[in-house]
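This briefing concerns the protein chain presented below. Its topics are the overall architecture, strand pairing and one selected helix.

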Amino acid sequence: MNRSRSRFLAVLGAAALVGSLAAPTAFAAPDTATLPSTNVTSAYEGSAENEAANRQFFDAVLKSALKKQAAQPGIQVVTVRYRTSRAPSFRSQIAQSTQIWNSSVSNVKLQESSTSADFEYREGNDSRGSYASTDGRGHGYIFLDYRQNQQYNSTRVTAHETGHVLGLPDRYSGPCSELMSGGGPGPSCTNAYPNAQERQRVNSLWARGIATLKDKGELTKVR
């Protein structure tokens, strides 16, 4: 084999190797055509905090969840329902995240549902990584990015994004012990549990939501 042909085959082999290290081709990219153009997002890693996005997501989910339970005047715990049909690869991480949150807080409970969900999980490839998103009109979802979930602890990513659904903002400058520090502490951080302050804030937010609707008399009305 002559020298120029050897060099050509070497370059071809290197290109094939690089291609094999790319993002998994077995997964389809998200269906961006169905996403509202007015979405606001709050990303897991490296973006500036978007507290308005967090607040909109929380407000939308709170309103949706409480409306479903308005026929229960003695309500003490709000059940927030979610769908996983568009994130089949992450069902295990979502289940772990749900268990973590349900064992950490008392005024709100996460529950999977195939219908009548308050938000949903989605999966795919996105240059923004994983994020929580809402269009401000009651439609919210958590997007889980394949590459980022390979780089970072996937359960932490999922639990962090779920924290936005429950009302928590990003705090990228926080330590690893703070779930909402997200990707700030780096890929070596694997903590997927909220700390005491985060747990207290979620309980307080949902307790106030229940109290507000009770004061308005809306929890005694059948919608």
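**Overall architecture**

Of the 223 residues in the chain, 46% are buried. The model is predicted.

- The chain contains six helices and six strands, and from the N terminus on these elements follow the order α-β-α-β-α-β-β-β-β-α-α-α.
- Among contacts with a separation of 6 or more, 68% involve residues 24 or more positions apart.
- The exposed area of the chain is about 11100 Å², and carbon and sulfur atoms supply 52% of that area.

**Strand pairing**

- Strand 2, residues 78-86, pairs with strand 3, residues 108-112, in the parallel sense over five bridges.
- Within strand 3, Lys109 is the residue opposite Thr79.
- Strand 2 also pairs in the parallel sense with strand 4, residues 119-124, through three bridges.
- Phe119 in strand 4 is the bridge partner of Tyr82.

**Helix 5**

- Helix 5 covers residues 154-165. Because each residue is taken to contribute 1.5 Å, its 12 residues should span 16 Å, and the 17 Å between its end C-alpha atoms agrees with this.
- The helix is mostly covered, with 12 of its 12 residues buried; among them are the polar or charged residues Arg156, His160, Glu161 and His164.
- At the N-terminal end, Asn153 acts as a cap of helix 5, with a side-chain oxygen 3.3 Å from the backbone nitrogen of Thr155.
- Gly167 follows helix 5 and has a positive phi, near 110°.

Note on methods. Residues are numbered from 1 along each chain as its sequence is written. This is a predicted model: local features need pLDDT of at least 70, side-chain atom pairs count only at pLDDT 80 or more; totals for chains, interfaces and linings use all residues. Side-chain values use heavy atoms; hydrogens and water are left out. Two strands pair if DSSP finds at least two bridges between them. Helices (H or I, at least four residues) and strands (E, at least two) are DSSP runs, numbered from the N terminus. The expected span of a helix is 1.5 Å times one less than its number of residues. Buried means under 20% relative accessible area, exposed over 50%, partly exposed in between (1.4 Å probe, protein chains only). A polar contact is a pair of N or O atoms within 3.5 Å; within protein, one must be able to donate a hydrogen and the other to accept it, and residues adjacent in sequence count only if both atoms are side-chain atoms. Contact means heavy atoms within 4.5 Å. Accessible areas come from the Shrake-Rupley method with a 1.4 Å probe; for residues, only the protein chains shown count as cover.
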